[in-house]
Amino acid sequence: MQWLYTFLLFVFHLLFKINRCLLDSIHFCRNIFADNSRPNLKTVDAQVKPLPKLPRDLGIILPLDIAKEYLAVSIANLGSWCVSAGIPCLTVFSPHVYSQKELEKLGQDIVEIAEEYFVECGRKEVPIFSITTILSLVRHELKKPDTRISQRAFQRPDLHIILLSEDSGKHSIAEMSKIISHKVMKEELKLSEINISTLDKALADIPEPQLLLHFGKHLLLEGFPPWQLRLTEIYNCIYKGEVVYADFINGLYRYANCDQRFGR
């Protein structure tokens, strides 16, 4: 009987490989025939309009090998597409480690590139972008998240972009564990008081994305805060050196047609 199990395992493995190759080929063809340059924002409006639902918050995981000089362009393009699609919040996680100054400069570049994009597309009014950079999610470590809002700051922003780096994920959990341990040792906190609410209070709030686009060959969360992904639809995009519009719109179509049961 062992030969039968070996044969069946071989067949299943072969079918899986064939299926994977077909999916990669379909994705490759979509990228060839789709408009992967920065499309006119009217195109985004037209393609998103018939969708039955859209995520309120879109999460993005960018690959580790993305060049820093292309990072601002990629986020600015995604932000512009989100504004055109009517998505109010974009959470971007990059596995790179950034200093506060680098994140501030990144936020400025994102706003400037996105505003230029809207002007190129003939939009009379440039949208308002709110950029929040978070280095650590541990509340007592947060002085004040750096926020930059583009023109007309007195108005409500069209898109809120949250920038997370590697230190915002697993490192924040480790920091929180150390802080709670020290409090217990100093008898400032009792063991019986450690529960889910204590952990929630210790960590800063960031939105829970309804849709997460992961750019990379293999699906890895790369340190994205895991407690925010309990109800998230995850769509893996094969990264070919740049973030393309085809992946963005394909992710929205997949989300719009998915059946979310929420544990039922």
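This text leads through a predicted model of one protein chain, from its confidence values to a helix, a residue and a surface patch. Local features need pLDDT of at least 70 and side-chain atom pairs count only at pLDDT 80 or more, whereas totals for chains, interfaces and linings use all residues. Residues are numbered from 1 along each chain as its sequence is written, and side-chain values use heavy atoms, without hydrogens and water.

The pLDDT is the predictor's confidence in each residue, from 0 to 100. Its mean over the protein chain is 77, and 77% of the residues reach 70 or more. Among the elements, strand β1 (residues 57–61) has the highest mean, 92, and strand β4 (residues 146–149) the lowest, 50. Helices (H or I, at least four residues) and strands (E, at least two) are DSSP runs, numbered from the N terminus.

Helix α2 covers residues 41–48, and its buried residues (under 20% relative accessible area, 1.4 Å probe, protein chains only) are Leu41, Val44 and Val48. Seen down the axis of α2, these residues fall within an arc of 50°, taken from the directions from the helix axis to the C-beta atoms, so they line one face of the helix. On the other side of α2, Lys42 and Ala46 are exposed (over 50%). The cover over the buried residues includes α3, α4 (100–120) and α7 (245–257).

Val83 belongs to helix α3 (residues 68–85). Val83 and Leu41 are 42 residues apart in sequence, and their C-alpha atoms are 9.3 Å apart in space. Leaving out residues up to four places away in sequence, Val83 touches Phe118, Pro127, Phe129, Asp158 and Leu159 (contact means heavy atoms within 4.5 Å).

Phe7 lies in helix α1 (residues 2–33). With a relative accessible area of 47%, Phe7 is partly exposed, a class between buried and exposed.
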